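Okay, thanks for squeezing me in. I'll put the structure up and then walk you through a few spots in it.

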Amino acid sequence: MKKILLPNGLSVSAMALGAMNFGTTTSKKESYEVLDLFLERGGNFIDTSNNYAHWAGTGDESETLLGEWLHERGCRDRVILATKVGFDRHGQGAGLKKEQIEYWIDESLRKLRTDYIDLYYAHTDDANTPIEETMEAFDRLVKKGKVRCLGGSNFDTWRFAEANAIANAKGLTPYTAMQQRFSYLHPRAEIAPKYLFNEITDRERLRYLADKNIPLVAYACLCKGGYEVPERLPEDCVAGARMELIQRMAREKGLNPSAIAIAWMTNLCRCKGYPTVIPLFSATPEQLESNLRGLDLVLTDEEMELMNRT
Ligand SMILES: NC(=O)c1ccc[n+]([C@@H]2O[C@H](COP(=O)([O-])OP(=O)(O)OC[C@H]3O[C@@H](n4cnc5c(N)ncnc54)[C@H](OP(=O)(O)O)[C@@H]3O)[C@@H](O)[C@H]2O)c1
C-alpha cells in the first residue's frame, strides 16, 4: 500500500482503517481478520477513540480490542495509532480540560497496551475550556513522550486556526492533522447537519488545509456504504450528477463505486486548493480488498477536472 510522509513526520498508509465498531457491532474474529489483512496489505494507520463505541457498549471496546491485537501480533512498531479524547461517553465526560486530557491519555495507553500514541486528536472542540489550557495539557503529553503529534477533529476551521495560533505563539505543539467528515458527494444545503460538529467539509476548509499543509483525514468518506447501496446514503448527501458520474466511472474501470470515491480523494492533492486527503473507513475484508483497488488508481487531470466541476 502507498505510504505518505506527512509534514508532521508520520509515515502513514494512504488510507486509514476505522476501528470504531471493533469489539461491539464488529466481533473480535471479524475485527482481527480485517486488521490482519490491512497489515498484510501494507496498511499501518489505524483510527480509534477513547469512547468507541459507547452507544453500543461501554466505550472501551475498540481500544481494548486493538490493545489485545497489537499485543498478540507483536506489531506495535508497524502501526501508526491514532486515538482521541474529548467526546462524551454515556452522556458524561465531554471536554478538553487539563484533568480530562491527563486522565484519558493514561486510560487510552492502558487499554491500547502501549506507552505512546502516534496521533492524539481532540475529538471535538470545547468552548468551555480556555484554548491555552488544552494546548498546554496536550503539549505536556508530547514532551513526556506519551504522544508524538496532535490533531483536531470536528472543529470549526477558525477555532482550529485559533488553537494553532495560540500554540505557535506560546511555543506549544500545534495540531498537525485534521479529521473531518468528507466525501465526494455534495452536501444537501437545505438539511442542517444532525450535529453542528459534523458538517460536511467545505471548499474553504480545504483551502485552509492546503495553505497550511495540514492533511485531512476524511471520516464517513464512503457515506456509510451509500456508493454501493444508495438507500444507505446519509440524508444530507446529494446523490445527483456526482453519483451518476462515479457509477459510470466505476463501470468503465471495472471497480466498485467506493473505490472511485477513494481514488478521487487520494488524487485531490494534485489539484490547486486541495490538501492531502487520507480516506478513513471501516470495511469487511472483502470490501477492503475491492476498495484498495481505488487507492492505487491514478486519475488523469481531465478525469479530476471533470469530477471536481460536476
Ligand atoms: N472523528 C469523528 O467524529 C468520527 C466520526 C465517525 C467515524 N470516525 C472514524 O471513521 C471511521 C469510518 O467511519 P464510518 O464507518 O462512518 O465510515 P464510512 O466510510 O462512511 O462507512 C464505512 C462503511 O461503509 C460500508 N462499506 C465500506 N466499503 C464498502 C464496499 N466496498 N461495499 C459496500 N459497503 C462498503 C461498510 O458498511 P457495512 O459493514 O455495514 O457493510 C463500512 O462499515 C470510524 O471507524 C472511525 O474511526 C470518526
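**A walk through the model**

Let's start with T276, which counts as buried, having 22 C-beta neighbours inside 10 Å. Before I go on, please keep in mind that this is a predicted model. If you're hunting for T276 on the screen, look in the loop between α8, residues 257-267, and β10. What does T276 touch, once we leave out residues up to four places away in sequence? That would be I4, P215 and C269. And to give you a feel for distance, the C-alpha atoms of T276 and M135 are separated by 24 Å, with the two positions 141 residues apart along the chain.

Now let me zoom out. The protein has 10 helices and 10 strands. Its radius of gyration is 19 Å, and the globule rule gives 19 Å for 310 residues, so the protein is as compact as a globular protein of that length. Put a box around the C-alpha atoms along the principal axes and you get roughly 55 × 45 × 35 Å. Of the 310 residues, 47% count as buried. And if you take contacts between residues at least 6 apart in sequence, 77% of them join residues at least 24 apart.

On to the ligand. How many residues are around it? There are 25, and the ones that come nearest are G18, M20, L222, G225 and F281. Two elements give two or more residues to that shell, namely β10, residues 277-281, and α9, residues 285-295. Of the elements, α9 gives the most, with 3 residues. If you like to think by class, the shell has 10 nonpolar, 12 polar and 3 charged residues.

Next, a helix I'd like to spend a minute on, α4. Helix α4 runs over residues 131-144, which is 14 residues, and at 1.5 Å a residue that should span 20 Å; the end C-alpha atoms are 20 Å apart, so the two agree. Which residues of α4 are buried? They are T134, M135, A137, F138 and L141. Looking down the axis, the buried residues of α4 fall within an arc of 160°, so they line one face of the helix. If that spacing looks familiar, an α-helix has 3.6 residues a turn, so residues three or four places apart point the same way. On the face of α4 turned away from the buried side, you'll find the exposed residues K143 and K144. As for what covers the buried residues of α4, that includes α3 (98-112), β6 (117-122), β7 (147-153) and α5 (157-169). Right after α4 comes G145, with a positive phi near 85°.

Last bit, some backbone oddities. There's a cis peptide bond joining Y52 and A53, with omega about -15°. A53 is in the loop between β4 (45-47) and α2 (61-73).

Then we have positive phi values in residues other than glycine. R113 has a phi near 50°, and R113 is found in the loop between α3 and β6. N213 has a phi near 55° and lies in the loop between α6 (203-212) and β9 (216-219). How do they sit with respect to solvent-style exposure counts? R113 is partly exposed, with 16 other C-beta atoms within 10 Å, while N213 is exposed, with 12.

That's my tour, so over to you.

Terms used:
Residues are numbered from 1 along each chain as its sequence is written. This is a predicted model: local features need pLDDT of at least 70, side-chain atom pairs count only at pLDDT 80 or more; totals for chains, interfaces and linings use all residues. A residue is near a molecule or strand if its C-beta atom, placed from the backbone, lies within 6 Å of it. Helices (H or I, at least four residues) and strands (E, at least two) are DSSP runs, numbered from the N terminus. Ala, Val, Leu, Ile, Met, Phe, Trp, Tyr, Cys and Pro count as nonpolar, Asp, Glu, Lys and Arg as charged, and the others, Gly among them, as polar. The radius of gyration is taken over C-alpha atoms; the globule rule is 2.2 Å times the number of residues to the power 0.38. A residue is buried if 20 or more other C-beta atoms lie within 10 Å of its own, exposed if 12 or fewer, and partly exposed in between; C-beta atoms are placed from the backbone. Two residues are in contact if their C-beta atoms, placed from the backbone, lie within 7 Å. The expected span of a helix is 1.5 Å times one less than its number of residues. The arc is that of the directions from the helix axis to the C-beta atoms.
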